[in-house]
Amino acid sequence: MTIESLFDIRFPVLQAPMAGAQDHRLAVAVSQSGGLGAIPAGMLDAPRLDAELSAYRALTNRPCNVNFFCHQPPLIDDAREQGWRERLAGFYRELQVDTAQVAHGPSRQPFDAAMAQVIEKHRPAVVSFHFGLPAEDLLERVRRSGAKIIASATTLAEGLWLQEHGVDAVIAQGLEAGGHRGMFLDTDLSTQLGTFALLPQLVDALQVPVIAAGGIVDARTVKAARVLGAAGVQVGTAYLASPQSQASALHRAALQSPRARHTVVTCAFTGRPARGIVNRLIREVGPLPEVPAFPLAGNAIAPLRARAESLGLDDFSPLWSGQNASHCRAIDAGQLTRELAHGWE
Ligand SMILES: Cc1cc2nc3c(=O)[nH]c(=O)nc-3n(C[C@H](O)[C@H](O)[C@H](O)COP(=O)(O)O)c2cc1C
């Protein structure tokens, strides 16, 4: 079955959910032009997701994808917290940040029963998961709501695992991709593959459709994914500079500057590996420092980020970007969706 009929969309172009960088407005623009828009719930609580989905539905009746994280909630490890704050102490002094401002709890919650209730209320066409899948009883509630279920795989083993657990399609997230690696069976970064290597491996081994993600930014790269057997594409970075994205001015400026040619996978901002543009924090603590578990590492960064941003600096901001930001243009998200769809013809 094609993903166009599976999701009831015109073009097999999925806008990647991008927590912290977009809301329903980007999703509406993509869905209305024939792709599948996504609403990221990774940084929302249930009432805020409910409001986002109502706002989406007020603007369009096209299908959408609601996206969740499903990480293990972290245990607070005082020694790691302490170590991370000591590592950042010089920055706190320089920016005159009071460490009493550092929050303690997790800033991102995994999919849970309250979120399942929101899904049962709004019944989106597609629900997607990053970092594996939720517990079987929660997954079953999503299935019974009528949603098609998709999730990211970063290795062949993860793709097979997701298929075994009953997903309707698998997203092959290549190492080029911006934002968090969806990896969940392994923590070893050397297992991670580029899109050209991962996609055909998954296409050959799986019965369910495979959606390619990572480095896809224009009609050419869409075509390449199709040739390699993809049933569709999921595109993130290329949408970030569109007027419908909520990326900050600092993030947009970095994406559209020569700096975007240098990205790295770093755990410094959240505790999990994610790809972003190299900036001061990454340069000075290294991309893979010892940090508290996801998402706790971000708490110690947040006041530095706020202070630096108030000074117009992106030194402590996560500048999530894929390796191919060359087509990150300030064009309408609907127009970009149609341009990407040309690559499928
Ligand atoms: C700013 C940003 C935020 C992201 N946030 C999420 C997210 O909340 N959930 C998710 O499943 N993937 C997230 N991703 C990863 C995308 O789903 C996708 O794998 C990636 O954007 C594809 O690569 P590309 O950026 O080269 O197009 C994010 C990516 C970016 C760039």
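## Strand, helix, strand, twice over

In this predicted model, strand 4, helix 7 (residues 136-144) and strand 5 build a right-handed β-α-β unit. Strand 5 then takes part in another one: together with helix 8 (residues 156-164) and strand 6, strand 5 makes a right-handed β-α-β unit. So what holds the strands side by side? Here's the general idea: strands of a sheet pair through backbone hydrogen bonds, and the pairing can be parallel or antiparallel.

Strand 4 (residues 126-130) runs parallel to strand 5, and four bridges join them. If you want a spot to look at, find serine 128, whose bridge partner in strand 5 is isoleucine 150. Strand 5 is also joined by four bridges to strand 6 (residues 169-173), again in parallel. Here alanine 151 is the residue to find, standing opposite valine 170 of strand 6.

Strand 5 itself covers residues 148-153, and it's mostly tucked away: five of its six residues are buried.

## The two sides of helix 7

Now turn to the helix that links strands 4 and 5 in that unit. Which residues of helix 7 are buried? They are Leu138, Leu139 and Val142. Looking down the axis of helix 7, you'd see these buried residues fall within an arc of 100°, so they line one face of the helix. There's a handy rule behind patterns like this: an α-helix has 3.6 residues a turn, so residues three or four places apart point the same way.

What do the buried residues of helix 7 pack against? Their partners are helix 6 (113-122), strand 4 and strand 5. Over on the other side of helix 7, Asp137 and Arg144 are exposed. Just after the helix comes glycine 146, with a positive phi of about 100°.

## A histidine in a loop

Histidine 71 sits in the loop that runs between strand 3 (64-69) and helix 4 (78-87). Is histidine 71 buried or exposed? Its relative accessible area is 4%, and anything under 20% counts as buried, so histidine 71 is buried.

What's around it? Skipping neighbours within four places in sequence, histidine 71 is in contact with Arg108, Gln109, Pro110, Phe131, Arg272, Phe294 and Pro295. With arginine 108 you can look at the individual atoms: a polar atom of the histidine 71 side chain lies 3.3 Å from the backbone oxygen of arginine 108.

## Around the ligand

The model also has a ligand, with 19 residues around it. Which of them come nearest? Those are Pro17, Asn67, Gly215, Gly236 and Thr237.

Some of the polar atoms are worth zooming in on. Asparagine 67 uses its side chain: one of the polar atoms there lies 2.8 Å from a nitrogen atom of the ligand. The glycines take part through their backbones. A polar backbone atom of glycine 215 is 2.9 Å from an oxygen atom of the ligand, and for glycine 214 a polar backbone atom is 3.4 Å from a ligand oxygen.

## An antiparallel sheet

Finally, look for an open sheet made of three strands in the order 7-11-10, with antiparallel pairing. Its edge strands are strand 7 (179-180) and strand 10 (263-266), each of which pairs on one side only.

How many bridges join strand 7 to strand 11 (residues 274-277)? Two, and these strands run antiparallel. To find the place in the structure, start at histidine 180: its bridge partner in strand 11 is alanine 274.

Definitions and conventions:
Residues numbered from 1 in each chain as written. Predicted model: local features only at pLDDT ≥ 70, side-chain atom pairs only at ≥ 80, totals over all residues. Heavy atoms only, no water. Buried < 20%, exposed > 50% of the residue type's maximum accessible area, 1.4 Å probe, protein only. Polar contact = N/O pair within 3.5 Å; in protein donor to acceptor, adjacent residues only side chain to side chain. Contact = heavy atoms within 4.5 Å. Pairing = 2+ DSSP bridges. Right-handed = clockwise from strand over helix to strand, strands pointing away. Arc of directions from axis to C-beta. Near = heavy atom within 4 Å.
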